Each structure stands twice: as C-alpha cells, then as structure tokens.
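Okay, thanks for coming, everyone. Let me pull up the structure so we can walk through it together.

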Amino acid sequence: MSGILVVDDALFMRVTLRKLLAEAGFEVVGEADNGRAAVERYRELQPDLVMMDITMPEMDGLAALRQIRSMDSHATVIMCTALGQERSVKEALKSGAADYIVKPFKAEKVVEAVRKALPGGRRP
Amino acid sequence: MKAEFINPFVTAGIEVLESVIKSRPESGQLAVRSATFTTQQSSIVIGVTGAVRGHVVYGMSLVTATKVAAAMSSTPPMTFDELASSAVAELGNMISGNAAGLLARAGYQCEITPPTLVRGANIEVSTTTPALVVPLYTDLGKIEINVALEETSAAS
C-alpha cells in the first residue's frame, strides 16, 4: 500500500484528504500542519507521496517542497492550491512538484492526481 | 478604497460557496463602513499583501457557520468544534485565494495570509481604509464579505 503524507494547516483539509484517500484505498501515513513539520515528517516517514498545501504559517508549501526535493530528488509532491495562484503553481512545478490540485476540489480529481503521480504509476 | 477591489471577492465567494454548499448565493446591496467591525458571531480574517494590502473579513452567525461546516464535511449538523472552525476558516481561505487570482489577472498581484477565526461581534479589525461590505445570501444564512484594501506602489 502506498503511504501518503498530508500537509495542510487546516485540520478540516487534513481530515477531508485523509478520509477521501482512505476511501480510495490509499494509506495516509502521517500529517503535518506547516512546512517545517512536513520536512521533519518526510525525513522520518519517507512517504511515497506528499499532498502539500501552499499557504501555511511558519514555512509555506513552496519552501517545504524545495527542502524535501533537496533531501530526496525523487520525492513526489502534489501541491494543493486555491484557483488563481498560478504564480505559486508555476514556481512549484519548476521546483519539482509532480502536479497540483485546486481547492475546492472534487474527490475524484484528487484520486486521479495521486494515481498519476505515484512513482511507477503505483496503485493502492 | 477602489470599489473594483471587492468584486473579485464577491465573484469568488459566489463560485466557491456554490461549489462547497451546492447552492448558488445571491449578492446583496453594497455598503461602506468607516471601520471594520465584526458584526457577526464568527468572522474569518485574512490579510492581503502585495499590489493591494489590507484585509478581508467574512462574517456569519454561529448557526450559519455550523451549517456551512456540516455542508463542507458532508456530515449531519454538528457542534461548532475545532473541525467546524477549521472548515469555516478554510472557506475564507478558498474564497480569498480565488479572489487573489482574479486580482492578479486585473494587474494586482497579491498574496493572502492564513485565516484567523474570530469569535464574537463588535471587535474592531484595525484598518487605514474604509471597508466595503457585500452580503451573500445562501440557503444556509447570510455571509457578509468586508473588504478593506488599498493600492500599494507594487501595483502594476
């Protein structure tokens, strides 16, 4: 089973993502509520994929993405963003993000993005 | 404050609310307030920086906030707990993020800060510019959008 790390400062988003990923057969192996915690959790858990919010306190998702990718150049990260944050999305993709999903999102879009991005097209 | 700064928030508010609560809100009459006060029991405050700066406050009654949170979570009516607070704060985040994108397309590149949920009415949110206010009427109750933004030298 593929292990996913969910990173979002909003408890609601973490709970929502955990639930919909679990329903699709994926395992959420950890959560973090800011970029700094995400980097620590990534180092500790070595998940197959990270769902990363962009706007967060302490360290935002872009900075966390860069740190994670500098630790592990094969890290697979999907950014979660509000519609219209094109500049941040472009920067994230340039920094190695595999894909992005736009909030408010539909469950099937999230699952599709995760399936596509998982290393080697892995399924749950 | 330019009246055009509130339009992206109203547009984004209607689109995001329609997506998350599955019914399209109607916007009400524009009003001006010389200062931003929370007029509702629960308010989400979000800062804006960049080509425009200031803040946006989304106000709603506790009953509406609880209903919105339940609709967002696809759960039966819930108590206004930590998860419900987080859902309502995230609603403000989604609307503001979408609005920031619309502002960027109009030449005002800006960023938003993470949301803060304020409980209680009549709390002043410090501002240097008058606030424009537009109510959105939804099936779950009224949501008031207060926008107090001013142009900075970073505007293109």
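I'll talk about chain B as a whole, and then about one helix in chain A.

Before anything else, keep in mind that this is a predicted model.

So, chain B. What do we have in terms of helices and strands? Chain B has 3 helices and 10 strands. If you go along the sequence, the order is α-β-β-β-β-β-α-α-β-β-β-β-β. How compact is chain B? Its radius of gyration is 15 Å, and the globule rule gives 15 Å for 156 residues, so chain B is as compact as a globular protein of that length. Along the principal axes, the C-alpha atoms of chain B fill a box of roughly 45 × 30 × 30 Å.

Now the inside of chain B. Of its 156 residues, 48% count as buried. And if you take the contacts with a separation of 6 or more, 70% of them are between residues 24 or more positions apart.

Right, over to chain A and helix α1, which covers residues 11–23. Does the length add up, or what would we expect here? With 13 residues at 1.5 Å a residue, α1 of chain A should span 18 Å, and its end C-alpha atoms are 18 Å apart, which agrees.

Which residues of α1(A) are buried? Those are F12(A), M13(A), R14(A), T16(A), L17(A) and L21(A). Within chain A, they pack against β1 (3–7), β2 (27–32), β3 (49–53) and α5 (107–117). They also pack against a piece of chain B, namely α3 (82–105).

Last thing: after α1(A) comes G25(A), with a positive phi, near 95°.

Terms used:
Residues are numbered from 1 along each chain as its sequence is written. Chains are lettered from A and ligands numbered from 1 in the order in which they are written. This is a predicted model: local features need pLDDT of at least 70, side-chain atom pairs count only at pLDDT 80 or more; totals for chains, interfaces and linings use all residues. Helices (H or I, at least four residues) and strands (E, at least two) are DSSP runs, numbered from the N terminus. The expected span of a helix is 1.5 Å times one less than its number of residues. A residue is buried if 20 or more other C-beta atoms lie within 10 Å of its own, exposed if 12 or fewer, and partly exposed in between; C-beta atoms are placed from the backbone. Two residues are in contact if their C-beta atoms, placed from the backbone, lie within 7 Å. The radius of gyration is taken over C-alpha atoms; the globule rule is 2.2 Å times the number of residues to the power 0.38.
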